[in-house]
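Hi,

Here's the structure I promised to pass on. Have a look at it first, and my notes follow underneath.

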Amino acid sequence: MSFAVDQQAFVTCATNDSYALGALVLAQSLRNVQTTRKLAVIITPQVSDKIKGLLGNVFDLVKEVDLLDSKDEANLVILTRPDLGVTFTKFQCWRLTQYQKCVFLDADIIVVQNCDELFDREELSAVPDVGWPDCFNSGVFVFRPSQETYVAITKFAADNGSFDGGDQGVLNMFFKDWRTSDISKHLSFIYNMNANVSYTYQPAYKQFGKNVKVVHFLGAVKPWMHFYNSETGRVQGDSHHSYEHLQLWWDLFMKYVQPNLTEECRGIAGELSKLHLGPASGAESSEARRYAWERGQIDYLGKDAFSNIEKKLESAINEPKK
């Protein structure tokens, strides 16, 4: 069964202003690859009014929902990722019944090539997880909105918890036959490429990297948390392919998102509103570096390189006393 494109949507979720930054970049990346589908975002009351307004400028639908938390502290401690509890909010995407079919994308994702063909797949289509391929990664999946499915998933979560403390554990248990039922529901890695863990088969990336359509910044350190040198316009990355996509994320952010931020935005969003491309004044440069150090974003190859710090210390030590 086929549906009109206005009955289909890419959907993401933002539970605070920081993740909303990712949602804004994701939406812009989808616009840039000329998707023909609608864009929808689920937000919680923790998203500020300023950011909510910016989301409304790029998304076709901004839906505020209640925050859901797994309350599964034991498993979250094992993962050392307590923030994953709030990803239970993601289940509310099934309540967007104004659409017939949707593709969910986590907010820490960018789309680098048009992937509208994903709407040809059925629920629940997803990419095998790189850590345990018998499970799917819940950062990207095709689904059909349904109030009945939403009720069933949330009841299942309440009754059974999550084996990893997050939404991925619940969804893999709920759609438990994903591994064996239908190979067409196993999406290619190009639709959910993990951008920032050690990719052990570099020749494969060299061979197939040009086909990648969706890039996922898995892990606790998100693109907006990396050190960005506003004087050079370059971001500090961990590896070649990671750097390439991090730079693309920041290029989109600085062109389409950052100019619209103000200090009334919360958390990192408010701090990033102060960035300005080009040489910074002494006060601006000092404040930006202090904030970067507080977040562990140290420019080891630039101003914060050991050789530069050593020179500054030597200069201070050798400075004539007055």
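Strand 2 (residues 38-43) and strand 3 run parallel, and 4 bridges hold the pair together in this predicted model. If you want a spot to click on, try isoleucine 43, which sits opposite glutamate 64 in strand 3.

That pair belongs to an open sheet of 6 strands, ordered 3-2-1-4-7-6, with mixed pairing. Strand 3 (61-64) is one of its edges and strand 6 (125-128) is the other, each pairing on one side only. Going from neighbour to neighbour in this sheet, the strands are turned by 25° against each other on average, ignoring direction.

Now for the helices. Two packed helices are described by the angle between their axes and the distance between the axes. For helix 4 (residues 147-160) and helix 5 (residues 167-174), the axes come within 10 Å and cross at roughly 110°. Angles of 65 to 115 degrees count as roughly perpendicular, so that is how helix 4 and helix 5 lie to each other. Their crossing is right-handed.

Which residues make the contact? On the helix 4 side they are Thr149, Ala152, Ile153, Phe156 and Ala157, and on the helix 5 side Val170, Leu171, Met173 and Phe174. Sorted by class, this contact of helix 4 with helix 5 has 8 nonpolar residues, 1 polar and no charged ones.

Cheers

Methods
Residues numbered from 1 in each chain as written. Predicted model: local features only at pLDDT ≥ 70, side-chain atom pairs only at ≥ 80, totals over all residues. Heavy atoms only, no water. Axes fitted to C-alpha atoms, helices over the stretch in contact; angles between N-to-C directions. Helix = DSSP H or I, 4+ residues; strand = E, 2+ residues; numbered from the N terminus. Parallel < 35°, antiparallel > 145°, perpendicular 65-115°, else oblique. Left-handed = near helix turned anticlockwise from the far one by under 90°. Contact = heavy atoms within 4.5 Å. Nonpolar A, V, L, I, M, F, W, Y, C, P; charged D, E, K, R; others polar. Pairing = 2+ DSSP bridges.
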